[in-house]
Each structure stands twice: as structure tokens, then as C-alpha cells.
Amino acid sequence: MGEQDIGNVIIALGARGGDYVEVYAPPSRELLKVAVKIGVDNIYSMGLYVGMMAPGIWFKPSLPLAHKLAPLCKSKAKCVEVDEAGERFFLYGRSVLSERVSGWKPGLVLVLNTRGEALGWGRGTITNIGGVKRRLLEPVWDLGWYLRRGG
């Protein structure tokens, strides 16, 4: 499987009866066959961590997926770029005003810094602030998360 095959084969791992599952893209079909043979209940990880989901309800893309997709931002992916001040706000888990965002878009977007490095995932929203509608970029999952809660 090559770079273009990401997403063609995925596997969901999670505890039975859990609220969500983790989604992985195995590096090869052969590894996937081995996983099926030994049983996915005995596997902790399987290739690229794509994200987590409650099937049919929600999906939260992963930070490793953000890094994998960042090179595609110029051509295919739905991405925005934040300036240096916006980068600090975003990595501290704070919303970023649209003036600090190049190419603001509504909905889920991949967030890059000015060097084209993935910072995480954000959501473009329109919010009423002081009686004025403002466009914001709200963090969904950012690299600063590891320092604040994850690591």
C-alpha cells in the first residue's frame, strides 16, 4: 500500500461496549490479514492513527493524520493558516479571531502555521461577541493538548 491508499483500508479498535473506537490505517493489507487472524481484541495499535469515533455519531481526526495531510493543503485538503499570534492562541487551546487566520473556512479544518506545519484541527464558527457576529477558529484537537492534558 502506498501513500495514495490511505483510507482505502481502515480498522477500528476499541473495547467492547465502549463509547468510541480508535481508527487506524494499517501500513499493509498483509498486516490487516494477520490482525484478523489473531483477533483485533488483542491489538493495541495498527499503523497510522486516523482518529476516534462513535460509529454513525461523531469522528475526531487525529494529530498524526493532520501531519500526514499537511503536505496536501495546497491542493486537496481543507486547511487554514494562522499567523504567529494565532498560532500561540491555538496551541494554548484558545479561539483565534479570523484576522489571524488566512483562508478562514466554516466547519472542520486542518490548521497550519506560517511554515506549513500542522498544528492540529480546528472548527471555523461564527459567534456573537459583544453584539457583533465574528468569525472564529476554535481548537478541536491541537498539539498543545499533549502538554495541557495528554502527556
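So, to kick off: which side chain does Glu99 join in a polar contact of 2.6 Å? It's the side chain of Arg134. Keep in mind that what we have here is a predicted model.

Let me stay with Glu99 for a bit. You'll find Glu99 in the loop between β6, residues 96-97, and β7. Is Glu99 buried or exposed? Its relative accessibility comes out at 55%, and the cut-off for exposed is over 50%, so Glu99 counts as exposed. Setting aside residues up to four places away in sequence, Glu99 touches Asp83 as well as Arg134. And if you look at Arg135, that residue is 36 residues from Glu99 along the chain, yet their C-alpha atoms are separated by 8.7 Å.

Okay, on to the strands. β5, residues 79-82, pairs with two partners I want to show you. With β7, residues 101-102, β5 runs antiparallel, through two bridges; Val82 has Val101 as its bridge partner there. With β8, β5 runs parallel, and there we get three bridges. One to click on is Glu81, whose bridge partner in β8 is Leu112.

Leu112 takes us inside, since you'll also find Leu112 listed in the largest nonpolar core, which has 12 residues, including Val23, Cys79, Leu110 and Trp121. Who supplies it? β2, α2, β8 and β9 each put in at least two residues. Zoom in on Ala66 and, ignoring neighbours within four places in sequence, you'll see contacts to Leu110, Ala118 and Trp121. Apart from that core there's another one, of 10 residues, with Val80, Val111, Leu119 and Leu137 among them.

How values were computed
Residues numbered from 1 in each chain as written. Predicted model: local features only at pLDDT ≥ 70, side-chain atom pairs only at ≥ 80, totals over all residues. Heavy atoms only, no water. Core = buried A, V, L, I, M, F, W, Y, C linked by side-chain atoms within 4.5 Å. Buried < 20%, exposed > 50% of the residue type's maximum accessible area, 1.4 Å probe, protein only. Helix = DSSP H or I, 4+ residues; strand = E, 2+ residues; numbered from the N terminus. Contact = heavy atoms within 4.5 Å. Pairing = 2+ DSSP bridges. Polar contact = N/O pair within 3.5 Å; in protein donor to acceptor, adjacent residues only side chain to side chain.
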